[in-house]
Amino acid sequence: MCGIVGYIGKKDASPVLISGLSKLEYRGYDSAGVAIFNGDKLEIVKRKGRLKNLSDALDAEPVHGNAGIGHTRWATHGEPSDVNSHPHSNADGSICVVHNGIIENYIKLREFLISKGYKFVSETDTEVIPHLLDFFYEGDLLEAVRKVLGEIRGSYAFGIITSKEPDKLIAVRKDSPLIVGLGEGENFIASDIPAVLNYTRDVYLLNDNEIAVLTKDDIKLYTLDGKEIKKEVYHVTWDAEAAEKGGYEHFMMKEIHEQPKVIRDTMASRVMLGEPITLDKIKLTKEEIAGINKIYIVACGTAYHAGLVGKYAIEKLARIPVEIDIASEYRYRDPIIDKNTLVIVVSQSGETADTLAALRESKARGCRVIAVTNVVGSSVSREASDVLYTLAGPEIAVASTKAYITQLVAMYIIALFFAENKGTVSKEEIEKIKTEMLNLPDKAEKVLELKEEVKRHAGEIYKEEDMFFLGRGLDYAVAMEGSLKLKEISYIHSEAYAAGELKHGPIALIEEGTIMITLATQDYLFEKMVSNIKEVKARHAHVIALAFEGNEDIEKTVDSAVFLPRTIDLLAPVLSVIPLQLLSYYISVMKGCDVDKPRNLAKSVTVE
Ligand code: AGP
């Protein structure tokens, strides 16, 4: 996710901005830039790659001035490049903007601005903002900002500066973090507190739709309709390292908590009530869709588990047969694919060697390949025929959580896209599914409120050496992900089984007290699942169940149960995986394991 800093004061802005950006590096980025008012005009310097590239450029050709904005970009719209880096400006360079978030209606705004004669140089959604500001500017930057905010949809934090009012720096946020740092004769803005801790510990924590107007000696805060607001100053007492993790002890926990937001981001501009599903720039005509006789989903690890849900969703909604394979198997097993096979590769990093090889093999055999990936500019995104990005932002913990949940959302979006285009599901049913999808962020928030309950369960079982995860249908796919999470970060051996398969062998392993984590979210399989649970209870297993609210009766059969807010069966994985992530997390912490960097694992597996 991008990082924003801004400075206005008496110091040389350039080193302050670079120091602030360096404290935001943990957020992940692929390019960086600054715009500094040099006393005459705004000078922009931006570079693809590490922050060092930018600071080297500024060392070689210094820019001096006492006000500026800076940015580290995590690409979402347009590949990482100098030109797509922020700040972006209007044509004469008099208005500069840095942005974190996504402007959902940027395509329409871009078309409007082009019709008014504006020229675009980048592929970014952000570039509409300086041009729109230019369009509305009549001598008052704050007024222009308010007008722009009335036109845009999406999530954003902005830092804005203009050479026409160089004593001013404006910041605003909605659904993206932004703080204002209070100094003596100087003030700051930043995406996160560590960026200002070298200079001040007093900050305003901006809320959504609050606008801050900074001068070197003053900060005024306004609502969108121009009313001035008073806010309490928050005095920071904790250290920078804790701040990078957003106050959480580990990145994994921070990322688990980001899930409601990333679910929302991944649906933004793709899932809208009353409008067709869009797959961004992916163009598939009705004829091309009709020509697809098989879909292959190929991935590794957690991404493969998301693919299992994708197979289920696509087959159920779009009635296209879907095969799914682990990339390291697929590439060597001479798969039956041709130009009528659509291959979907799923990869958080976009750099997994086996997934990349599977992609190449598929293309070589004439298949169209859609990549579902989280990293813009990654190898997979560059080599695939088309890309659908999961907008999870950088995932730092090795164990994937928020990327997985966005992969699930991407799978549903793809399934709905095909269903809509093939007419395999009624319009009413599609709208119903979309409505449920749009409710998922709020419901995910509610699931996070169960964390103390999950922690209690973790406390009861963290000393175990073996566990089972059971489920049927989509619950089985989530059981596999829950089991992988537990193995990865707590080093406890666990197995995931399709509950109906248990009696064909593994039930022999069950003895008094064996821990069974059972998922029972699928209404149409509920009775069957309860029967399977009874089978293991009869062997004296210790059973913890996950079920929807309303199914409290299951408590009569199990030792304890966690109840999730209800959604439709199809979407249950998005909610049911969260308690499993939390369970693994707490067990890992209780065992004293290295949660974010588990032994023997790498975030991105770039070797075979
Ligand atoms: C997830 O927790 C894992 N660390 C791992 O299974 C991962 O999902 C797998 O290596 C695939 O990575 P990718 O999504 O970056 O391709």
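Student: What makes the approach of S400 to the ligand a polar contact?

Tutor: In this predicted model, a backbone N or O atom of S400 lies 2.8 Å from an oxygen atom of the ligand. The cut-off for a polar contact is a pair of N or O atoms within 3.5 Å, so the pair qualifies. Two others to look at are S347, with a polar side-chain atom 2.6 Å from a ligand oxygen, and T302, with a polar backbone atom 3.1 Å from one.

Student: How much of the ligand does the protein cover?

Tutor: On its own the ligand has 410 Å² of accessible area, and the protein covers 92% of that. Helices α10 (301–318) and α17 (474–490) are the elements that each give two or more residues to the shell. By type, the shell residues divide into 6 nonpolar, 7 polar and 2 charged.

Student: How do you know where the ligand lies relative to domain 2 and domain 3?

Tutor: Look at who supplies the shell: domain 2 (253–440) and domain 3 (450–591) both give residues to it, so the ligand lies between them.

Student: Now to Q581 in helix α19. Why is Q581 called buried or exposed?

Tutor: Buried means under 20% relative accessible area, and Q581 has 1%, so Q581 is buried.

Student: Which side chain makes a polar contact with the side chain of Q581?

Tutor: That is the side chain of Q259, at 2.7 Å. This value is within the 3.5 Å cut-off, so the pair fits the distance part of the definition. Leaving out residues up to four places away in sequence, Q581 also touches residues including M252, Y404 and K485.

How values were computed:
Residues are numbered from 1 along each chain as its sequence is written. This is a predicted model: local features need pLDDT of at least 70, side-chain atom pairs count only at pLDDT 80 or more; totals for chains, interfaces and linings use all residues. Side-chain values use heavy atoms; hydrogens and water are left out. A polar contact is a pair of N or O atoms within 3.5 Å; within protein, one must be able to donate a hydrogen and the other to accept it, and residues adjacent in sequence count only if both atoms are side-chain atoms. Accessible areas come from the Shrake-Rupley method with a 1.4 Å probe; for residues, only the protein chains shown count as cover. Helices (H or I, at least four residues) and strands (E, at least two) are DSSP runs, numbered from the N terminus. Ala, Val, Leu, Ile, Met, Phe, Trp, Tyr, Cys and Pro count as nonpolar, Asp, Glu, Lys and Arg as charged, and the others, Gly among them, as polar. Domain bounds come from an automatic or database domain assignment. Buried means under 20% relative accessible area, exposed over 50%, partly exposed in between (1.4 Å probe, protein chains only). Contact means heavy atoms within 4.5 Å.
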